[in-house]
Amino acid sequence: MDELIVKQSNTGHSFRFHKSSYVEDGALIGDEVKIWRFSHIMKGAQIGKGSSLGQNVFVSSKAKIGEKVKIQNNVSIYDDVIIEDEVFIGPSVVFTNVLNPRAFIERKSEYKKTLIKRGASIGANATIVCGITIGKYALVGAGSVVTKNIPNYSLFYGNPAVFKGFICFCGEKLDKSLKCDSCGKKYRYKDDGEIEEILETQSG
C-alpha cells in the first residue's frame with residue numbers, strides 16, 4: 001500500500017493525502033485528516049479533525065465536513081452539503097444540490113442546503129435529494145432514496161425511504177419499549193413524536 005504524504009494546510013494543521021489526490025490551496029483541512037487515492041478537495045472546502053475520505057471522493061468549495069467523519073469510496077460532496085461530526089457516508093452515496101437541473105440553465109443561485117446531523121449513518125448507494133435534513137444518529141439503509149426530512153434516531157429505508165422504526169446511538173434497532181438490547185440505553189417519546197435518550201439526570 002502506498003504511503004500517504006504529510007502536508008500542512010492553510011490553517012496550520014497537519015493532514016495526510018495520497019499522491020494521486022489533488023488538494024487545492026485554500027482548502028481548510030483539520031489535523032489528522034486522511035485523504036485516499038484519486039480524491040479532489042477544492043479551495044474553500046472545510047474538513048474537520050480526524051475525518052477520513054476514501055478513494056475518489058470530491059469535496060466542493062462550499063461543502064462542510066465535521067470532525068471524525070468517515071466518507072467511503074466514490075462520493076461527491078457538493079456545494080451547500082453540510083455534514084456534522086461523526087457521520088458515516090457509505091460507498092457511492094449520491095448527494096444533489098438542485099431540485100430541477102437543466103444542462104442549459106445555470107441554477108447556482110438555487111442550490112438547496114442539505115444537512116446531515118451528528119452521528120448519522122447513510123448506507124451504500126443511497127441517494128439524498130437536496131434541501132432535507134437527516135437527524136442525529138439516524139440510519140438510512142443501503143440503496144434508499146431520501147426525499148424528505150428524517151428525524152433524530154430514526155431508521156429509514158426503501159425507495160422512497162420510509163420510517164421503519166427507531167435506532168439507538170449504537171446503531172441497533174430499538175424495541176417497542178425504546179430500550180436497546182445491545183447497549184442498554186433507554187429512550188422516551190418527546191411531545192413532537194421524536195425520541196430522546198433518557199439520561200441519569202432526566203430519570204424520575
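**Figure 1. The whole chain, built from strands.** The protein's secondary structure adds up to zero helices and 25 strands. With a radius of gyration of 18 Å, close to the 17 Å that the globule rule gives for 204 residues, the protein is as compact as a globular protein of that length. Bear in mind that this is a predicted model. The C-alpha trace spans about 55 × 40 × 30 Å along its principal axes. If you take the contacts between residues at least 6 apart in sequence, 16% of them join residues at least 24 apart.

**Figure 2. The outside of the protein.** About 11000 Å² of surface is accessible, and carbon and sulfur atoms account for 47% of that. As for charge, there are 28 positive and 23 negative side chains, with the centres of the two sets 3 Å apart. Buried residues make up 39% of the 204.

**Figure 3. The largest nonpolar core.** This one takes in 38 residues, and the ones with the most contacts inside it are Ile41, Ile77, Phe95, Ile122 and Ile134. Strand E2 (14–17) and strand E13 (81–83) are the elements that give two or more residues to this core.

**Figure 4. A closer look at Ile122.** Setting aside neighbours within four places in sequence, Ile122 is in contact with Phe88, Ile89, Gly90, Val93 and Phe95. Its list of contacts also includes Ile116, Ile128, Ile134 and Val140. Two of these partners, Phe95 and Ile134, turn up again among the residues with the most contacts inside the largest core.

**Figure 5. A second core.** Separate from the largest one, this core has nine residues, among them Tyr153, Cys168, Leu174 and Cys180. In soluble globular proteins, nonpolar side chains tend to be buried together.

Note on methods. Residues numbered from 1 in each chain as written. Predicted model: local features only at pLDDT ≥ 70, side-chain atom pairs only at ≥ 80, totals over all residues. Heavy atoms only, no water. Helix = DSSP H or I, 4+ residues; strand = E, 2+ residues; numbered from the N terminus. Rg over C-alpha atoms; globule rule 2.2 N^0.38 Å. Buried < 20%, exposed > 50% of the residue type's maximum accessible area, 1.4 Å probe, protein only. Contact = heavy atoms within 4.5 Å. Areas by Shrake-Rupley, 256 points an atom, 1.4 Å probe, with all protein chains shown as cover. Lys, Arg positive; Asp, Glu negative; His and termini not counted. Charge placed at Lys NZ, Arg CZ, Asp CG, Glu CD. Core = buried A, V, L, I, M, F, W, Y, C linked by side-chain atoms within 4.5 Å.
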